[in-house]
Amino acid sequence: MNAWKLAAGAAAMAAVSIAGAQQRTAVEEIERYRAALGDGNPAELWEARGEGLWKEKRGPKNASLEKCDLGRGPGVVKGAYTVLPKYFADSDKVEDLESRLVTCMVTLQGFTREQAKKDPFGDPGKKVAMDALVAYVTSESRGMKMNVAATHPKEQEAYEVGQKIFYFRGGPHDFSCATCHGADNQRIRLQDLPNLTKTSDAQKAYGSWPAYRVSQGEVRSMQWRLYDCFRQQRFPELDFVSDASIALTMFLAKNANGGVFDAPSIKR
Amino acid sequence: MADPMKIRAAMAGDKVEVKVLMSHEMETGQRKDSKGATIPAWFIQNVTATHNGKTVLSAEWGPAVSKNPFLSFRFAGGKPGDKVVITWTDNKGDKRTDEATVA
């Protein structure tokens, strides 16, 4: 009996280590696949379209976004994403990139807020301005270090709210963000999940969004990433550029401070 | 009107290496939309590349090529400053031509 138990135990151990080896190879294969794709990242098409949209005169006021203050002064795009989210005195709000673009579309171009945030995410056959603008602005921060201040009281408040949301358990699965992103070596199917409570993982993860998702054929922004995480958690739908989405972005962005921003990237 | 291509052309040894990103839906004709109706096939059918007016690549593509395709190829006989022109035509007759200068 004891010998039988031992043998079964050994067999189980062997099975576990084989599964581990297979998983590692699969992860390496995905990395190789990403590297091969990185050379011709279609996100560049979004970046080019976004640059055009940034300079194009649009909206009722027939104005471009070139005077938009993204946090480093009006019209400064270079490195702007590394300081976002940030408190803006003109809107008296903490804003991330997407919400700031909405604000500029309203104040500079004369769109209504509803028009500006109507189509946040593209889909096959549906090109939207927002994800192209996001691709362009973020591409101008590639290779730079994240440097979110989070010193203004409203920025600190957003960080704390974001932290609460990150650890808040709820929904039919009783999940929090931390359930999947609070420990090492977690994964969904073969997809490794970053441990966002660890600085190195947080930096790498934050610095890799937005990304061209090969499986969807679209560039996906941080707002989309959070929206889809909420969906996977079976949480109520996360409203585009809502205070909650900005607070969570603030929490993730500040935790990524010091990390090199390297996006738009490419993901499977 | 289709979006512009992204074309890079640079010397790689004694050959010119060209990398092209095209913006296209590349629908296979096999997929169905949310209502169950077939999404009509829509894909790039012909691609040609010319170097100083001379064709260096001519390809017939089908629906198996991915969305937003990336094409990379090399040809001999080019030098920096030369012009490379890429043209694609899709099965709806839509067309796009862009050019790049060899770096």
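The following paragraphs lead through a predicted model with two chains, A and B, beginning with chain B.

Residues are numbered from 1 along each chain as its sequence is written, and chains are lettered from A and ligands numbered from 1 in the order in which they are written. Because the model is predicted, local features need pLDDT of at least 70 and side-chain atom pairs count only at pLDDT 80 or more, while totals for chains, interfaces and linings use all residues.

Chain B contains zero helices and seven strands; helices (H or I, at least four residues) and strands (E, at least two) are DSSP runs, numbered from the N terminus. Its elements accordingly read β-β-β-β-β-β-β from the N terminus on. Along the principal axes, the C-alpha atoms of chain B fill a box of roughly 55 × 20 × 20 Å. Of its 103 residues, 23% count as buried. A residue is termed buried if 20 or more other C-beta atoms lie within 10 Å of its own, exposed if 12 or fewer do, and partly exposed in between, with C-beta atoms placed from the backbone. Contacts, for their part, require that the C-beta atoms of two residues, placed from the backbone, lie within 7 Å. Among contacts in chain B between residues at least 6 apart in sequence, 54% join residues at least 24 apart.

Four strands of chain B form an open sheet in the order β4-β3-β6-β7, with antiparallel pairing. Two strands are taken to pair if DSSP finds at least two bridges between them. In general, strands of a sheet pair through backbone hydrogen bonds, either parallel or antiparallel. The edges of this sheet in chain B are β4 (54–60) and β7 (95–101), each of which pairs on one side only. Neighbouring strands of the sheet are turned by 15° against each other on average, direction ignored; the axes are lines fitted to C-alpha atoms, for helices over the stretch in contact, and angles run from 0 to 180 degrees between N-to-C directions.

At one edge of the sheet, strand β3 (residues 44–51) of chain B and β4(B) pair in the antiparallel sense over six bridges. Within this pair, B:Ala49 stands opposite B:Leu57 in β4(B). The hairpin of β3(B) and β4(B) has two residues between the strands, and B:Asn52 takes a positive phi near 50° there. Strand β4(B) is hardly covered, with zero buried residues among its seven. At the other edge, seven bridges join strand β6 (residues 83–90) of chain B to β7(B), and the two run antiparallel. Here B:Ile86 has B:Asp98 in β7(B) as its bridge partner.

Chain A is assigned two domains, domain 1 (1–39) and domain 2 (40–267), the bounds coming from an automatic or database domain assignment. The contact between them takes seven residues from domain 1 of chain A and six residues from domain 2 of chain A. On the domain 1 side of chain A, the touching residues comprise three nonpolar, two polar and two charged residues. In this classification Ala, Val, Leu, Ile, Met, Phe, Trp, Tyr, Cys and Pro count as nonpolar, Asp, Glu, Lys and Arg as charged, and the others, Gly among them, as polar. The centres of domain 1 and domain 2 of chain A, taken over C-alpha atoms, are separated by 35 Å.

The largest nonpolar core has 77 residues, and those with the most contacts inside it include A:Leu133, A:Tyr206 and A:Met250. Such a core is a set of buried Ala, Val, Leu, Ile, Met, Phe, Trp, Tyr and Cys residues joined through C-beta atoms within 7 Å. Helix α5 (residues 129–139) of chain A supplies the largest share of this core, eight residues. Residues up to four places away in sequence aside, A:Leu133 touches A:Gly50, A:Leu53, A:Trp54 and A:Leu101.

Several loops of chain A carry backbone features of note. Most residues other than glycine have a negative phi, and most peptide bonds are trans. The peptide bond from A:Leu84 to A:Pro85 is cis, with omega near 0°, and A:Pro85 is found in the loop between α2 (43–55) and β1 (86–88) of chain A. A cis peptide bond also joins A:Trp209 and A:Pro210. A:Asp174 has a positive phi near 55° and counts as exposed because it has 10 C-beta neighbours inside 10 Å.

Finally, the contact between the chains takes nine residues from chain A and 11 residues from chain B. The chain A side of this contact has four nonpolar, three polar and two charged residues.
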